[in-house]
Amino acid sequence: MHVREGNQSRGFLPAPGAEPGLRSRCGRGARLFLGLAAGAEQVGSRTGAPVNDHPLTSGLQGAKSLGARAELRPGFHRGLAGSRGGNWGARWGRGGIGLLLGDAPLTSPPFPSLSMFQTLYSYFWWERLWLPANLTWADLEDRDGRVYAKASDLYITLPLAFLFLVVRHLFETYVATPLAGLLNVKEKVRLKATPNVVLERFYAATSKHPKQADVEMLSKKSGCTVRQVERWFRRRRNQDRPSLLKKFREASWRFTFYLIAFIAGMAVIVDKPWFYDLREVWKGYPIQSVLPSQYWYYMIELSFYWSLLFSIASDVKRKDFKEQIIHHVATIILISFSWFANYVRAGTLIMALHDSSDYLLESAKMFNYAGWRNTCNNIFIVFAAVFIITRLVILPFWIMHCTMVYPLELYPAFFGYYFFNFMMVVLQSLHIFWAYLIIRMAQKFITGKVVEDERSDREETDNTEEEEEVTKNGPLSNGHPVLNNNHRKTD
């Protein structure tokens with residue numbers, strides 16, 4: 001946005017009475033003059049709405065309440081842009097951008113893109129998006145020793161997420177790997193695919209699962225039989241699958257975190273009145289101060305899910321890879337939004353509820369990889385029961401009822417209310433999907449079949465024809481018979 005000079009209109013008209021004398025410094029005395037909210041009062045005067053209700057004004061008040069070093073002086077409400085005796089600019093603060101007045105003449109802002117960013121920023125923090133009617137960000141400013149949630153608090157979660165990645169690497173190296181040795185986690189012997197340029201190029205560039213027509217075409221190009229091409233792709237896919245040790249180390253890390261997080265979460269909420277009476281969740285909302293235990297519970301949980309999102313490309317990929325990404329993103333959005341909008345009490349209940357079953361699943365995986373089938377099956381049955389009770393009963397019929405119904409008894413629905421509950425529905429949809437997989441696994445357990453993770457890719461074995469060939473000619477190594485028990489024929 002710009003100001004008006006002479007008869008050429010470049011933006012909003014200057015308003016009289018702007019307060020002079022305040023400067024905005026950025027860096028070494030540099031001044032950023034941004035054209036934001038210059039016509040806030042003009043909009044208000046034309047519509048009859050108070051200036052404080054305009055998103056450009058209330059957004060900056062939100063930035064201030066969320067940790068910004070901002071000064072909103074009376075001159076701001078009288079229109080600051082364009083007054084040669086009292087120009088205005090912006091200063092970056094801890095949690096946002098706030099307006100300050102400057103005493104230097106202003107012709108046009110040097111950074112128009114920053115002006116647009118400032119406008120979007122103000123609309124983003126508009127009170128009507130985040131808070132119920134008749135409430136402002138000023139209501140959530142720290143006072144009288146009471147501390148409230150601030151958006152700037154979440155900045156620490158990104159460096160903490162990278163710290164989690166470092167701790168995870170150390171844990172997997174010095175704790176999970178020795179533990180795998182104690183539990184006798186053994187790798188399966190995998191036959192390697194013989195080097196073949198033609199097949200490798202198709203595997204990398206086209207498809208890992210060629211169709212029958214592709215197999216016949218590749219057979220002619222490579223000089224191999226159709227059976228050899230199929231065998232080559234099976235073995236090549238097996239090579240790309242994560243090792244058993246990698247799976248065990250990942251499950252060990254998640255088990256350790258989820259168990260500690262569940263214990264810590266219960267310690268945070270078990271003595272709170274809203275743990276026993278869900279109506280207490282909204283008592284006094286949103287003027288609810290945050291306890292140090294709630295702060296750290298939020299920061300650690302959010303940092304951990306950031307770390308999972310950062311490492312998802314290198315983690316074990318399962319059939320529900322896309323659903324896992326959706327889950328991590330939805331969880332991060334829910335935790336962040338509940339902190340912004342001070343849904344902290346509901347957030348702590350939801351996080352503890354999720355952690356209650358996750359550590360059971362990871363421990364079942366650990367014993368499965370170690371070959372302790374009976375222990376794995378027993379833990380899995382407990383996990384399935386806890387998962388179904390917490391995710392399909394308690395969450396939708398208690399927690400979601402608490403977030404959807406009880407707030408409407410206190411204030412009219414607003415955007416934040418709809419957004420939070422929409423993300424809860426997304427999360428619940430994923431729970432139903434995973435419950436379907438769990439029920440399938442439980443069905444196999446009841447019928448006496450081996451229980452394994454339905455989401456995991458299974459090792460592919462060569463077909464019966466090859467097994468018969470092994471019986472006749474002895475064991476194979478890369479498709480060739482073994483000459484004796486100690487030496488193999490090389491290609």
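A residue counts as buried here when its relative accessible area is under 20%, as exposed when that value is over 50%, and as partly exposed in between. With that cut-off in mind, the tour can begin with the whole chain, which is a predicted model.

**The whole chain**

Show the full chain as a cartoon and colour it by secondary structure, so that its 16 helices and six strands can be told apart. Of the 491 residues in the chain, 47% are buried, and the accessible surface comes to about 24700 Å², with 61% of that area belonging to carbon and sulfur atoms. If you turn on contacts between residues at least 6 apart in sequence, 76% of them join residues that are at least 24 apart.

**Two loops with a positive phi**

Select N342, which sits in the loop between α12 (321–340) and α13 (344–370). Although N342 is not a glycine, its phi is positive, at about 65°. Is N342 buried or exposed? Its relative accessible area is 3%, so N342 is buried, because the cut-off for that class is under 20%.

Move next to N184, in the loop between α6 (157–182) and α7 (197–205). Here too the residue is not a glycine, and N184 has a positive phi of about 65°. The relative accessibility of N184 is 45%, however, and it therefore counts as partly exposed.

**A cis peptide bond**

Now select Y285 and P286 and display the backbone atoms between them: the peptide bond from Y285 to P286 is cis, with omega near 0°. P286 belongs to the loop that runs between α10 (244–269) and α11 (292–311).

**The annotated transmembrane regions**

An unreviewed UniProt entry lists residues 255–275, 295–313, 379–399 and 419–439 under "transmembrane region". Select residues 379–399 and you will find a span that is 100% helix and 0% strand, with its end C-alpha atoms lying 26 Å apart. Then select residues 419–439, which are likewise 100% helix and 0% strand, and draw a distance between the C-alpha atoms at the two ends of this span, which are 30 Å apart.

**I394 and its surroundings**

Stay with helix α14 (residues 373–404) and pick out I394 within it. I394 has a relative accessible area of 28% and is thus partly exposed. Which residues does I394 contact, once its neighbours within four places in sequence are left aside? They are L353, I389 and I399. L353 is 41 residues away from I394 along the chain, yet the C-alpha atoms of these two residues are separated by 8.6 Å.

**The second largest cavity**

Finally, compute the enclosed spaces: there are four cavities of 30 Å³ or more, and the second largest cavity holds about 160 Å³ of space. To centre the view on this cavity, select T331, L334, I335, I350 and M351, which are the closest to its centre among the 16 residues that line it. Which elements give two or more residues to the lining of the second largest cavity? They are α11, α12, α13 and α15 (415–446). Colouring the lining of the second largest cavity by class then shows nine nonpolar, five polar and two charged residues.

Methods:
Residues numbered from 1 in each chain as written. Predicted model: local features only at pLDDT ≥ 70, side-chain atom pairs only at ≥ 80, totals over all residues. Heavy atoms only, no water. UniProt positions renumbered as here; feature names shortened; annotations may be inferred. Helix = DSSP H or I, 4+ residues; strand = E, 2+ residues; numbered from the N terminus. Buried < 20%, exposed > 50% of the residue type's maximum accessible area, 1.4 Å probe, protein only. Contact = heavy atoms within 4.5 Å. Areas by Shrake-Rupley, 256 points an atom, 1.4 Å probe, with all protein chains shown as cover. 1 Å grid on protein atoms, 1.4 Å probe; cavity = no way out; pocket = protein on both sides within 12 Å on 5 of 7 lines; lining within 4 Å. Points joined across faces, edges and corners; volume = space filled by probe spheres on them. Nonpolar A, V, L, I, M, F, W, Y, C, P; charged D, E, K, R; others polar.
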